[in-house]
Number of protein chains: 2
Amino acid sequence: MTDISEYLKSHEAAFEDDLCELLRIPSVSTDSNHKADIRRAAEWMADHFRRLNFETELIETSGNPLIFASGAAVPDAPTALVYGHYDVQPPDPLDEWITPPFEPTVRDGNIYARGATDDKGQMLTHVKSAQAWVETAGQLPVNLKFLIEGEEEVGSEGLEEYLAANASQLACDCVVISDTSQFAPGQPAITYGLRGIAYYELFLTGPKQDLHSGSFGGAITNPANALATLLGAMIDDNGKIQLPGFYEEVVPLTTREREGFQSLSFNDQKLLDMVEVDAATGESGFSLLERRWARPSLDVNGLTSGYQGEGAKTVLPAKAAAKFSFRLVPEQNPDAVTASLQAFLDERCPPGITYELKDYHGSPGFIVPLESPYIKAAARAIESGFDRPPVFIREGGSIPIVTQMAEKLGADILLLGWGQNDDNTHSPNEKFNLNDFHRAIKTSAHLWSELAKLET
Amino acid sequence: MTDISEYLKSHEAAFEDDLCELLRIPSVSTDSNHKADIRRAAEWMADHFRRLNFETELIETSGNPLIFASGAAVPDAPTALVYGHYDVQPPDPLDEWITPPFEPTVRDGNIYARGATDDKGQMLTHVKSAQAWVETAGQLPVNLKFLIEGEEEVGSEGLEEYLAANASQLACDCVVISDTSQFAPGQPAITYGLRGIAYYELFLTGPKQDLHSGSFGGAITNPANALATLLGAMIDDNGKIQLPGFYEEVVPLTTREREGFQSLSFNDQKLLDMVEVDAATGESGFSLLERRWARPSLDVNGLTSGYQGEGAKTVLPAKAAAKFSFRLVPEQNPDAVTASLQAFLDERCPPGITYELKDYHGSPGFIVPLESPYIKAAARAIESGFDRPPVFIREGGSIPIVTQMAEKLGADILLLGWGQNDDNTHSPNEKFNLNDFHRAIKTSAHLWSELAKLET
């Protein structure tokens with residue numbers, strides 16, 4: 001690894017130049033005006049892989065192109081698949097950026113640009129580590145594949161279709177994804193679990209039209225009242241979700257996990273201060289961190305009914321609707337949640353109200369056992385790259401495409417986040433720390449050799 | 001009364017002509033483009049009173065003019081004050097009118113025009129009965145005053161100010177208002193009670209900005225969840241409102257009233273069919289009619305929170321708000337409801353959420369005792385005019401200005417509705433039945449002689 005370390009040191013400026021080149025392409029996937037930029041970014045990626053002598057395909061999809069690239073075969077070595085994305089969020093509101101979003105600028109050791117951390121900068125660490133291997137050792141010590149998409153910010157539809165049809169091409173032992181954050185500055189982390197999601201919209205209909213609340217109030221069932229009652233009944237005063245059987249499949253936190261979470265010395269008060277609340281609530285019997293990462297939850301995401309303008313209108317609304325979603329933990333199944341929710345609504349929807357339930361999307365959560373040899377290899381690599389062992393964390397969010405990859409490929413997922421929690425992902429002044437960029441490239445270079453030591 | 005009866009018969013066509021003249025003036029109070037029409041209608045009214053030799057004032061207010069007119073003094077006779085309004089609702093949507101809203105047209109015995117029943121046609125019945133008395137007997141048998149406003153459809157602000165400052169000018173024994181409906185075609189009614197109202201908007205604030213429901217769900221209190229829980233907790237499964245002490249001042253229905261309501265042979269199913277629901281809910285232990293007219297209720301009038309667009313957005317909203325209102329019955333006091341609501345919220349608003357309660361407007365309900373001599377006089381007059389005794393009903397709606405008149409003037413309120421429930425008040429193709437118009441004029445003429453018989 002000495003050669004590689006020296007290569008990395010001597011190429012820091014070049015790596016940064018390449019990152020800036022990619023960041024200058026405004027590959028905004030939500031805006032069709034950027035179609036040409038999307039293609040430019042995809043071709044930039046493909047060229048980059050070709051320069052490493054990777055077998056490279058630019059794959060057309062129903063949406064934006066995918067890049068699939070694989071290095072020289074290494075018989076008997078494990079196979080890793082790096083997943084990332086070259087598309088970025090829109091930069092709005094533009095006037096809140098200190099420097100323009102597509103003119104990468106370094107301040108205080110951070111590079112500021114849309115996509116710096118999400119995901120161009122993070123994804124590129126693995127490309128650059130591969131380059132270091134190829135240009136020093138001639139090839140990688142493992143079978144390495146890249147799958148880079150251009151629709152992560154708009155639903156990954158093309159990737160989903162491709163994944164369904166091409167699982168064998170993508171076959172691997174582990175999937176490496178760097179699109180999350182470290183635990184704290186200077187404290188790298190391995191994210192070994194994500195929550196799943198089950199998202200719904202509930203439409204309640206009462207009378208055929210809005211009625212006068214004076215003439216009809218108290219006599220005709222009010223859908224807005226019914227909505228509040230139904231949603232209110234879904235969760236009790238202890239924060240326990242009341243759908244029948246909801247907790248049956250929940251995998252409890254292990255003692256090792258609870259102790260691990262406690263040892264993180266996570267500061268609850270800091271989180272409350274950050275979001276500016278003076279207290280928090282949630283499922284009783286669990287710490288704030290456990291509730292975020294490893295316990296299911298229910299959030300109303302949107303409410304709409306009746307008169308929402310200024311002032312007072314005495315209306316008994318004809319309709320009321322709510323968007324709400326459950327976060328799920330392993331082994332909860334979104335379809336089982338849907339069935340339970342329907343049973344709950346069938347039993348409780350009051351006379352005079354009909355309901356329609358729209359099932360938006362569901363995705364189970366996943367967890368990689370801490371004993372996984374891939375997790376352990378990644379931990380050793382991080383210790384080499386960051387001079388500090390990682391902590392093991394979970395995330396409250398859901399990345400359905402990751403769950404799908406875990407399921408379809410039967411591979412362990414390594415979520416190795418190089419970002420920071422304050423990187424302004426999806427916000428103005430997105431940034432990525434350049435020291436972390438280089439430490440992550442070093443980690444990635446070590447990861448390939450750590451993986452190479454594993455039996456297949 | 002023979003002369004008067006003959007006068008009424010021989011003047012039917014003339015009365016209808018006058019009604020049409022007034023209906024042709026598009027005195028829409030919600031639309032400032034109709035300022036000149038408003039004044040034209042006010043002057044039309046004032047002229048009409050002057051022709052009866054009533055002492056007439058066109059009173060300027062902060063908004064549209066009021067007309068106050070009083071007939072010759074009749075010492076030792078009671079004083080009646082007729083209240084009505086010359087302003088009308090806007091006619092939109094125009095293309096749903098079969099004939100233009102300001103070109104009154106007779107079809108099937110009904111006159112179709114904006115304002116036909118609300119309130120030009122109904123109000124005019126008392127003007128025409130006064131005319132019949134003046135032109136046959138030379139004067140009225142009672143002290144008769146008229147107070148006609150032009151802002152009923154926009155909040156009666158000018159009237160409210162005037163009422164506060166001029167109670168002595170308006171002093172009377174009873175207030176006569178014809179701006180409601182009969183119980184059914186051919187079945188006149190006296191409305192002897194209205195519900196009051198207490199209208200609020202509740203704003204809940206949680207985190208400083210919308211959060212990702214994956215990263216924060218289950219940990220940070222969600223204002224939309226809290227709103228559903230709070231609103232859901234305000235009313236129990238039996239339809240009982242849970243604010244502390246809410247029912248303490250409620251005047252129970254008397255046996256006579258309950259029997260009276262039952263004898264109305266009101267068809268619940270017909271109401272459900274009309275609003276197209278298959279069942280209804282409400283406070284247990286009370287009939288649908290009792291719940292509408294004589295029991296308090298709580299209706300959510302509007303809900304708003306989080307993401308309300310198409311599709312799914314995984315947001316933990318920073319804010320949630322609801323508009324909701326209680327209908328009150330005598331002797332409930334809106335201020336006491338506000339205090340109780342605040343106590344309820346103080347106790348239940350969860351940690352991590354702050355609330356702001358906006359108190360829109362409150363007005364108590366009122367009830368005129370069925371034993372009131374004015375009610376009895378009105379009942380006799382109706383029997384003379386309609387050849388059928390009235391039924392005694394209450395209304396679920398609230399007319400704050402009426403409650404204010406009852407309070408400020410200490411007078412019994414006679415709500416004598418000549419309209420029908422299907423008159424399309426506030427809707428296209430508003431109508432008023434011409435037979436009812438003439439029967440109501442006759443009733444009104446009899447009312448003045450019935451009132452004259454009462455002791456003062």
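This short presentation covers the symmetry, fold and nonpolar core of a predicted model.

Some conventions come first. Residues are numbered from 1 along each chain as its sequence is written, and chains are lettered from A, with ligands numbered from 1, in the order in which they are written. As this is a predicted model, local features need pLDDT of at least 70 and side-chain atom pairs count only at pLDDT 80 or more, while totals for chains, interfaces and linings use all residues.

Let me begin with the two copies. A turn of 180° and a shift of 0.2 Å along the axis lay chain B on chain A with an RMSD of 0.2 Å; the superposition is by least squares on the C-alpha atoms of residues with pLDDT of at least 70 in both. The two copies are thus related as by a two-fold rotation axis. Of the interface residues of chain B, 100% are also interface residues in chain A, so the copies meet through the same surface.

I turn to chain A. The C-alpha trace of chain A spans about 85 × 50 × 45 Å along its principal axes. Of the 456 residues in chain A, 54% are buried, that is, with 20 or more other C-beta atoms, placed from the backbone, within 10 Å of their own.

Finally, the core. The largest nonpolar core has 250 residues, and Val175(A), Val175(B) and Leu414(B) touch the most other members. Such a core is a set of buried Ala, Val, Leu, Ile, Met, Phe, Trp, Tyr and Cys residues joined through C-beta atoms within 7 Å.

Methods: Contact = placed C-beta atoms within 7 Å. Buried ≥ 20, exposed ≤ 12 C-beta atoms within 10 Å, placed from the backbone.
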